[in-house]
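Open your viewer, switch on side chains, and get ready to click along. Each stop tells you what to select and what you will find there.

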Amino acid sequence: MKDGQPSAIYLKDYQVPAFLIDKTELTFDLDESVTIVTSRLHMRRNPESKFRTSPLILDGGEDVKLIALAMDDYQLPPEEYRIQNHQIIITATADQFILTCETLIEPQNNTRLEGLYRSSSMFCTQCEAEGFRHITYYLDRPDVMSVFTTTIMADADKYPVLLSNGNEISRELNEDGKTVAVWHDPFPKPAYLFALVAGNLEVLEDTFVTQSNRTVELKIFTESHNIDKVDYSMDALKRSMKWDEEKYGREYDLDIFMIVAVDDFNMGAMENKGLNVFNSSCLLASPKTTTDDGYQRVEAVVAHEYFHNWSGNRVTCRDWFQLSLKEGFTVFRDQQFSSDMNSPVVKRIEDVSFLKTAQFAEDAGPMSHPVRPASFIEISNFYTLTIYEKGAEIVRMIHTLLGEALFRKGSDLYFDRHDGHAVTCDDFVQAMQDASGIDLSQFKRWYSQAGTPRLTVTGDYDKSAKTYKLTVSQMTPTTSNQPTKLPLFMPIRVGLLDTKGQALTVELDGESKTNHVLTLSKSEQVFEFFNVDEAPIPSLLRGFSAPVKLSYDYTVEQLAVLMSSDEDGFNRWSAAQELAVRELNALITQAKRNEPLSIESQLLVGFKHLLSDESLDKSMVSLILNLPSQAYLSEISDEVDPQAIKQARTYLKQLIAKALEQEFADCYERNNIALDYLPNAEQISQRQLKNVALSYWNESGSIAAKKAVLSQYHSADNMTDQFSALSIAVNTDHDDSTSMLEQFYDQWSHEALVVNKWLMLRAAQETEHGLEQIKALMSHNAFDLKNPNKVRAVLGGLGNSVSTFHDESGSGYAFLADQIIVLNKRNPQLASRLCTPLTRWRKMKPALSVLMQQQLERILMEELSKDVFEVVSKSLA
Ligand code: TRP
Ligand code: ZN
C-alpha cells in the first residue's frame, strides 16, 4: 500500500444521523457520454440527534463530479461548503431546507459495477451497500429512509424501457426525442434499495392475486435473446409470494413487482424495492442450457430476493454491522422455502455441507468475524458466508429452541413492531424472546463471538440403573482479535439407538420419546436419560441443530449402524461422511509420507447396499456416495497438502469403482430413462444418482462405461446430462474429451451462461500445461474482463485445480496475484473476493505456504482499493 492506510469504522461509534431526508427527488438525464443527475433532498435536523448544530456531511465518490449545489434555491458559493474525502461538508444549515445538487457521472466508464453503470446495451444500478454515493451526494446509510420520486430521461429509441422503484406515475416524450418517465415509491427506504434500469428489453408479464385479493402485476425483463428463459423464474416468484403469505403471513405491498436480468453483476442478485436486479446466471433457465443445480439456484435466489421485501426492506438494518439481520434471516427463509419445494433432508445436507466446507474455513482463517462484526474497513468485504450462512444457522437455532408456533409468533411481533424502521440484530432476538417468553440473553453471544465452537461428547451407560449420561463440553478456539471465548447457548438434537439401529424411547426431564432437544449453556454439562434398556449408540446433533464441530469417539460399527438406520436422514449422511473421512485421512497420511496407498475400505458394504436398495431416496444415495470434497478435506486438515488429498480421493474412488463396477453399471442403466425434462425433486434425484453412478462406473476403467459417457454426452436433451458426461470425460482424461470440449463450445458459443461453464471446466482441468490453458482462455473470444461471471469462471476454476494452482513453482499463485492486481483498479469488489484462496496460506504445507505469502506481500506493495487492502493486510497480520 503506497498512500495512507484506510482506517476501520466501529460499531461502538454508532450515532443516529444528524439529518433526515423526508423526500428524495431524483432526475437522471441518461446519455452514453455523460449522465446528469439532479437531486432535491427535503432535509431536516433529526430531533433524536443530540448534536443540534453539527454540520451536514454528504457522502460522494471520486467518480462523482459536482456541478451545482443549492439550499432552498440559493446557489451555494464554493466558500460555503467544502469537499473532503469525497464528502461535501456544509457547516451552516437551517433546521429544515431543500438541498439541490447537480452531479455529472460517466456510467459507461464505471467498471466497479457499483452505482450507475452500463451492462451490454442497458443502464442499471447496484447501490448496496454504499453504491448510491457513486450516483450523487447523499446520506448514504441505511437508517436514513426516504420517499423517492425518480424521473428518467433517455433516448426513446434506444431505451424504450425505463424503470425505477414503485409505480410509474407518468411517461411522455419530450422535444429532444427523449422519453421522460416518472416513478414514485410510497415506501420510505434507504438509498441502498434504490434502483434504475434503462434499456431495450423484452418482458414476460403475469399477475399474482394476494391473500387480501389485490392483483399484483409481475414483470420480468431481459434482453430479447433471453426472454425464452424466464418462465421458471416467474413460476418460482409466484410460488415464493404464496409461500410467504402462508408461512409468515407476509403479503406483497406494491401493485407491481419487477425483475431485470443483467449480465455484468458483482453478486447473485439485489432486492431493490419493487425492482429486483439479477445476475442473469441466477434468473435464466431452460432445460437445454441450465443444469438441475442451476434451476435450484434460480428458485432459491428468486425466493431470497422476494423475501427481502419484508426481511430487509420493510424492516431494514440500522447500520451495516447489522447486515445479518436481513441476510441471515432471509437465507433461513429461502432455505425453508426450498426445503418445502423439494426434499427437506437433501436440502439440509447440501446447506450443511456448504457451511462446513466454506463457512468453517472462513471462520478459521484471517477474515474470521462475528455474525455482527465489531468493525470493518470496507463493508463489501462482509457479504460473507459468516453473515449469510452462519447468520441463517443462528435463526435456525432460535427456530429449534422456540418451535414452529412460537417462532411464528416471534416473527409476527418482529415485523409488526419494526415495520418501516431500521433496526438491529438485538431487536430481532428481543422480539423472539418477548413473543416466546424464552430467555435468549445468553444466546445473543452467537452474534458477537467469532469462530466455530467445538463440542466433545462422551457417553456413560449404567446397566443396573438403566441410565445413560451424555457429557457435553464446548470450547471455541481463539480467532483474530478475540482471545477469550464464552460458552454459548445452543440446541442439541439427539436420539439413542440400540445396536441393531432401532430407536430407543428414553426419558429426559420427565419426557419419554425417541428425539430430544438438549439445551447446552455451560462449558460442560451432563444430560441424564432414564429407562435406557441397553447400551445405546447416540445420534448427536440431528439435523445439524447447531453450527459446531462435534466429536464423539464412534466405532466403525456404530457409524455403520447410524448410516443405515438412524431415523434422522441428516445423521445417516453424516455418519457416512465420517466413515469416508476416516479412510481418506488414513490415505492422505500415506500419501504425505510417499507410501504406496492402501486401505481395506469399510464403505464397500454400505455402498453396495445403497446401490441395490431401490426404495431409498435417490438424492440421499447420491449424496452419500459422493466422497467428501477436496475443499472439505482441506478445511479439516491441520496442514493442507492439496496433492496428497487429491491422490487419496482418486485412489479411494477408484477402489470403490472397481469393487462395485457391476453395481454402478446396473444402477446407471436402471436410472438412465428418457423423460420429458422437468426440474422437480423426483427427476432431479434420478439424474443425480444416474450421473454419480456413471462417474464411478467410468472410474472403474470399464470400456462400456467410456462408451456410455460418450453416448450420454451426444444423446442428452438437457444440460444436466450433457454437462455431467462432459465433466466426467474431462476429469478422467477420456479419449474423446478434447473433441467433446470442442463440440460443446461450438454448440453453445452463443449462450453466455453455458460458455461460462465451459470456461470453468477448462480452467479447472488437471493438465500438465494448466497455466498455458488458463492464459489461452483469458485471450479467448469468449472471455471478457469486464464480466465478473467470466472472471470467476476462469480464476475460480484456476483456484479449484490442484495441479495448476498449487504447482510447486508457485506459478499458479503468482498468476492469480497478477490478475488481482489488475482487477484491483477495475473492480475492487471482485478483486477482493479472488484473494480468498491465497488467504488460506497459513494452513498450507510449508513449501506452498511461503509461496502464497510472498504473493500476498507482493499485492500489498501496490496501491490498493480498500477492498483488497483489508483482505490482504488482515491475511498477513
Ligand atoms: N443484498 C444482496 C442479497 O440479496 C447482496 C448483494 C447484491 C450485494 N449485490 C451486491 C452486496 C453488491 C454487496 C454489493 O444477498
Ligand atoms: Zn440477501
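Begin by selecting Trp243, Tyr248, Tyr252, Phe257, Tyr306, Phe307, Trp310, Phe329, Phe337, Tyr414, Phe415 and Phe428: together these residues form one aromatic cluster. Keep in mind as you look around that this is a predicted model.

**Stop two: the zinc ion**

Now select ligand 2, the zinc ion, and show what holds it. NE2 of His304, NE2 of His308 and OE atoms of Glu327 coordinate the zinc ion, at 1.9 to 2.7 Å. Along the sequence, the donor residues follow the spacing H-x3-H-x18-E. Are histidine 304 and histidine 308 buried or exposed? Both of these histidines are buried. The six donor atoms make angles of 49 to 160°, and the site is irregular. For comparison, six octahedral donors would ideally sit at 90 or 180 degrees.

**Stop three: pairs of rings**

Aromatic pairs add up to 40 in this model. Pick phenylalanine 148 and phenylalanine 194: their ring centres are 5.8 Å apart and their planes meet at 25°, so this pair is stacked. The two come from distant parts of the chain, 46 residues apart, with phenylalanine 148 in strand β12 and phenylalanine 194 in the loop between β15 and β16. Phenylalanine 148 is buried, at 1% relative accessible area, and phenylalanine 194 is buried too, at 0%.

Next, select tyrosine 468 and phenylalanine 529. Here the ring centres lie 6.4 Å apart with planes at 40°, so the pair is tilted. Tyrosine 468 belongs to strand β26 and phenylalanine 529 to strand β32, 61 residues apart. Both tyrosine 468 and phenylalanine 529 are buried.

**Stop four: strand β11**

Select residues 122–126, which make up strand β11; all five are buried, so the strand is largely enclosed by the rest of the structure. In a regular strand, side chains alternate between the two faces of the sheet. Look for that here: Met122, Cys124 and Gln126 are on one side, Phe123 and Thr125 on the other.

Which strands pair with β11? Strand β10 does so in the antiparallel sense, over five bridges, and tyrosine 117 stands opposite cysteine 124. In the hairpin of β10 and β11, two residues lie between the strands, and serine 120 has a positive phi near 40°. β16 also runs antiparallel to β11, joined by two bridges, with alanine 198 as the bridge partner of phenylalanine 123.

**Last stop: arginines over rings**

Stay with phenylalanine 123 and add arginine 118, which lies over the face of this ring, 4.6 Å from its centre. Then jump to arginine 318, placed over the face of tyrosine 14 at 3.7 Å from the ring centre.

Notes. Residues numbered from 1 in each chain as written. Chains lettered and ligands numbered in written order. Predicted model: local features only at pLDDT ≥ 70, side-chain atom pairs only at ≥ 80, totals over all residues. Heavy atoms only, no water. Donors = N, O, S within 2.8 Å, 3.2 Å for Na, K, Ca; no water. Tetrahedral: all angles 85-135°; square planar, octahedral: opposite > 155°, others 65-115°. Buried < 20%, exposed > 50% of the residue type's maximum accessible area, 1.4 Å probe, protein only. Phe/Tyr/Trp six-rings, centres within 6.5 Å; stacked < 30°, edge-to-face > 60°. Helix = DSSP H or I, 4+ residues; strand = E, 2+ residues; numbered from the N terminus. Lys NZ or Arg CZ within 6 Å of the ring centre and 35° of its normal. Pairing = 2+ DSSP bridges.
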